[in-house]
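Grab the viewer and work through these exercises one by one. Each has a task, then a solution in steps.

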Amino acid sequence: MISEDWGARAERLTLPIHHHIDGGDEPGAGATFTVISPRDGRVLTEVADAGQAEVDAAVAAARRAFDQGPWPRLAPAERGRALLRLADLIEERRADLALTVSLEMGKPIKDAYDIELLAALSTFRWYGQLADKLTDESPHTAPDALALVTREPAGVVGAVVPWNFPLTIASWKVAPALAAGCTVVLKPSECSPLSALTLGRLATEAGLPPGVLNVVAAGGPAAGRALGLHPDVDVLAFTGSTAVGRHFMRYSADSNLKRVWLELGGKSPNIILPDAPDLDRAAATAAWGIFFNQGEMCTAPSRLLVHSAIADRVTEAIVTRARELRVGDPLDPATEMGPLVGEAHLGRVLGHVRSGIEEGARLLAGGSRRRTGSYLEPTVFDRVTSGMRLAREEIFGPVLSVLTFDDLDEAVALANASDYGLAAGLWTADLSTAHQVSRALRAGTVWVNCYEEGDLTVPFGGVKQSGSGRDKSSHALEKYTELKTTWIRL
């Protein structure tokens, strides 16, 4: 990360306040909402608040750009070059974008710069490079016929993304959709609209035609609902809570039966067996995984399933790390954990802490708020059982629940005893165990002897109530394309 006085830079930072529609800034009808920094509770700015009219305008721009504009008709290599230019601009503005993310949702500046922004620009580069390397099919058939199976862009994509990784997850939706030839209306969370609005401006600066990427900000659910119900939106891609995901499924049924792709909640198990190749590393990774990004991750390993023979050793190491962790100002490069996204969310997380105590779990570390702002101590519970809310509900905060088991079958049963199936971790030195347990776990991703590792070559998504479809990799293009069969009689 670059050396910088981030506080001074924040004072000079100009923040966007308007929607980005049809290649330009659009103030809308005049309604605004307030963006508050969880860093200190101060108002960052007032942003234009989209309602039905603004969503209609953004969708109309995307529809024109798809039906009449050049974007879906460009050579794939040319679309790819535009995405590469956008990646270059993100890299040029990396410091200000990282600062914007840190201010709007509380991510430590080092993580915003080194992880969030690197992920976003890498995603646009990856899909820019992939755009002209896709192939269609020509199945072998009868000698008097020619069969072609082609992938065509699906049309207008509505992308509704959360606040916890505002640019990373936006890029996971926007980049493959654009590479496929679709046009996009992006609706960021009301907690983190500023980085997304900047992304829309950079897309136009990179040379994307008007209407190809539109960004609308909104202070409540009305804009997301309008996108979900809009008859001119062909695909809706959403990352967020399972409860809101259900609404988008209903919106599709009540409108044009648009395809809906969901990446939803998680309650990810992290299983540590006695034969783990390095118990100290397993414990350190478990602590990093739950406290990284303030625990505000759908894949956070919030359920630690540890064999009873090693439970005390592993839990003690995690508690020690929780007490050492530096919680503080997200603009301080030494900070390891910043504030939660806001007071309302902090209140919900503290409610889960109180519930754990009331249900009989033992609080070993944390559990209280810190400082001015939405800060929470890293929190660890043990003596958690599978029926407790701590073990069943997604908390989306730095709260770890430790459950113990005595044999492998019990571990797998505990891991799968969840409505969610986004991710899981397993620590073992036995290759057969690694394969067998990975196959038995109902999860979209299983990490073995690591956690939260991988790159853009592999897909990401969940099973059960963690959603459908996949982000990342070439498989993401399946969400934004339609298969067409052409049969030619020779």
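Let's start with one acid: at 1% relative accessibility, D471 counts as buried, where buried means under 20% relative accessible area, exposed over 50%, and partly exposed in between (1.4 Å probe, protein chains only). Before going on, note that this is a predicted model, in which local features need pLDDT of at least 70 and side-chain atom pairs count only at pLDDT 80 or more, while totals for chains, interfaces and linings use all residues. Residues are numbered from 1 along each chain as its sequence is written, and side-chain values use heavy atoms, with hydrogens and water left out.

**Exercise 1. Work out the salt bridges of D471.**

Step 1: fix the rule. A salt bridge here is a side-chain nitrogen of Lys or Arg within 4 Å of a carboxyl oxygen of Asp or Glu.

Step 2: look for lysines. K479 pairs with D471, with the closest N and O atoms 2.5 Å apart. K173 also forms a salt bridge with D471, and there the closest N and O atoms are 3.0 Å apart.

Step 3: place the K173 pair. K173 sits in helix α6 and D471 in the loop between β22 (467-468) and β23 (481-489), so this pair ties together parts that are 298 residues apart in sequence. Those element names come from DSSP runs numbered from the N terminus: helices are H or I with at least four residues, strands E with at least two.

Step 4: check burial. K173 and D471 are both buried, and K479 counts as buried too, at 4% relative accessibility.

**Exercise 2. Find what the R201 and D25 salt bridge connects, and say how accessible its partners are.**

Step 1: get the distance. The side chains of R201 and D25 meet at 2.9 Å, N to O.

Step 2: trace the elements. R201 belongs to helix α7 (residues 193-205) and D25 to strand β2 (residues 24-26), so the bridge ties together parts that are 176 residues apart in sequence.

Step 3: read the accessibility. R201 is partly exposed at 35% relative accessibility, and D25 is partly exposed as well, with 39%.

Step 4: zoom out. The count for the model comes to 26 salt bridges.

**Exercise 3. Describe the second largest pocket: how much space, and which residues line it?**

Step 1: set the terms. On a 1 Å grid over the protein atoms alone, a pocket is an open set of points with protein on both sides within 12 Å along at least five of seven lines, a cavity is a set where a 1.4 Å probe fits but cannot get out, and lining residues have an atom within 4 Å of a point. Points are joined across faces, edges and corners, and a volume is the space filled by probe spheres set on them.

Step 2: get the volume. The second largest pocket holds about 670 Å³.

Step 3: list the lining. It has 28 residues, with A119, T168, W172, E452 and K472 nearest the centre.

Step 4: sort by element. α5 (109-130), α6 (166-180) and β20 (445-448) each bring at least two lining residues, and α5 gives the most, with six.

Step 5: sort by class. The lining has 15 nonpolar, seven polar and six charged residues (Ala, Val, Leu, Ile, Met, Phe, Trp, Tyr, Cys and Pro are nonpolar; Asp, Glu, Lys and Arg charged; the others, Gly among them, polar).

**Exercise 4. Now do the cavities: how many reach 30 Å³ or more?**

Step 1: count. There are four cavities of 30 Å³ or more.

Step 2: take the largest cavity. Its volume is about 80 Å³, and its 17 lining residues include P269, A415, Y420, A423 and R442, which lie nearest the centre.

Step 3: take the second largest cavity. About 70 Å³ of space lies there, lined by 13 residues, with A300, S302, E394, I395 and F396 nearest the centre.

**Exercise 5. Find the largest nonpolar core and its best-connected residues.**

Step 1: define it. A nonpolar core is a set of buried Ala, Val, Leu, Ile, Met, Phe, Trp, Tyr and Cys residues joined through side-chain atoms within 4.5 Å.

Step 2: read the result. The largest core has 106 residues, and L186 and I272 have the most contacts inside it. α6 gives the most to this core, with ten residues.

Step 3: look for another. A second, separate core of 28 residues includes V353, F381, M388 and A443.
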